[in-house]
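Welcome! Let's walk through this model together, one question at a time.

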Amino acid sequence: MKVFHKLDDFLDFAWVQISRGKADKKSPARHPTFITSNTDGFPNARTLVMRQCDRENNQIEFHTDTDSCKMLSLKENPHAGIHIWLPKVNLQIQMDVDVEIKTGEITIPYWNNVPTNSRTAYGSIPSPGTVIKNPFDYEYAPDQKRFAVLICHIQTIQLLLLGDKHIRAKFKKETNWQGEWLSP
Ligand SMILES: Cc1cc2nc3c(=O)[nH]c(=O)nc-3n(C[C@H](O)[C@H](O)[C@H](O)COP(=O)(O)O)c2cc1C
């Protein structure tokens with residue numbers, strides 16, 4: 001069982017795990033839960049693929065369809081949450097993020113790196129979440145204009161490590177990731 005006595009070591013460990021989301025397709029960090037506040041007041045959680053993570057700039061990147069419901073939520077409220085549970089190392093990671101939305105021509109370099117068969121995720125007709133009569137009453141129509149890059153600027157990171165005695169800590173960008181221990 002891992003034990004941390006220094007906040008910095010705990011945060012370093014968490015970033016190693018987060019980074020595996022990009023490098024290792026089998027890591028649960030590849031599929032974080034992304035949470036937005038819905039316009040009706042209910043939170044909305046869904047799985048997304050982590051496309052990039054960058055500790056130096058405190059960023060995590062996702063891709064989505066501009067017509068998806070999350071885009072409307074983010075336009076109303078760009079504060080979002082990210083949740084990752086890593087069962088092998090008994091670590092829960094929670095983040096508060098501010099989401100920057102990139103659409104249009106600025107996304108062309110990103111789009112060029114999306115494999116052709118993955119582009120179907122951006123541009124279905126009708127739009128994602130539209131009511132349809134039958135399960136296959138939609139078409140894939142990949143369209144760069146329907147492609148959005150979500151740059152999540154991390155504001156806080158909260159960690160919970162399960163063990164004989166749990167360890168919990170919170171780190172904030174505003175204190176330069178200094179961190180503080182929390183009672184679990
Ligand atoms: C394993 C997995 C990976 C997914 N990856 C993405 C993704 O990278 N981008 C995306 O927009 N939706 C992805 N989805 C679909 C979303 O979970 C969600 O259903 C979709 O984006 C519509 O969400 P919304 O209506 O809340 O906007 C993924 C779903 C699963 C199960």
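Q: Which element gives the largest share of the shell around the ligand?

A: This is a predicted model, where local features need pLDDT of at least 70, side-chain atom pairs count only at pLDDT 80 or more, and totals for chains, interfaces and linings use all residues. Residues are numbered from 1 along each chain as its sequence is written. The ligand is surrounded by 15 residues (C-beta atom, placed from the backbone, within 6 Å of it), and strand E2 (43-47), strand E4 (59-65) and helix H2 (69-76) each give two or more (DSSP runs numbered from the N terminus: helices H or I, at least four residues; strands E, at least two). The largest share, four residues, comes from E4.

Q: Which residues of H1 are buried, and why do they line one face of the helix?

A: Buried means that 20 or more other C-beta atoms, placed from the backbone, lie within 10 Å of a residue's own; exposed means 12 or fewer, and partly exposed is in between. Seen down the axis of H1, the buried residues fall within an arc of 70 degrees (taken from the directions from the helix axis to the C-beta atoms), so they line one face. The face turned away carries exposed residues, including Asp 8 and Asp 12. The buried ones are Phe 10, Ala 14, Ile 18 and Gly 21.

Q: What do the buried residues of H1 pack against?

A: Contact here is C-beta atoms, placed from the backbone, within 7 Å. By that test, the buried residues of H1 pack against strand E3 (52-54), E6, E7 and strand E8 (167-172).

Conventions
Two residues are in contact if their C-beta atoms, placed from the backbone, lie within 7 Å.
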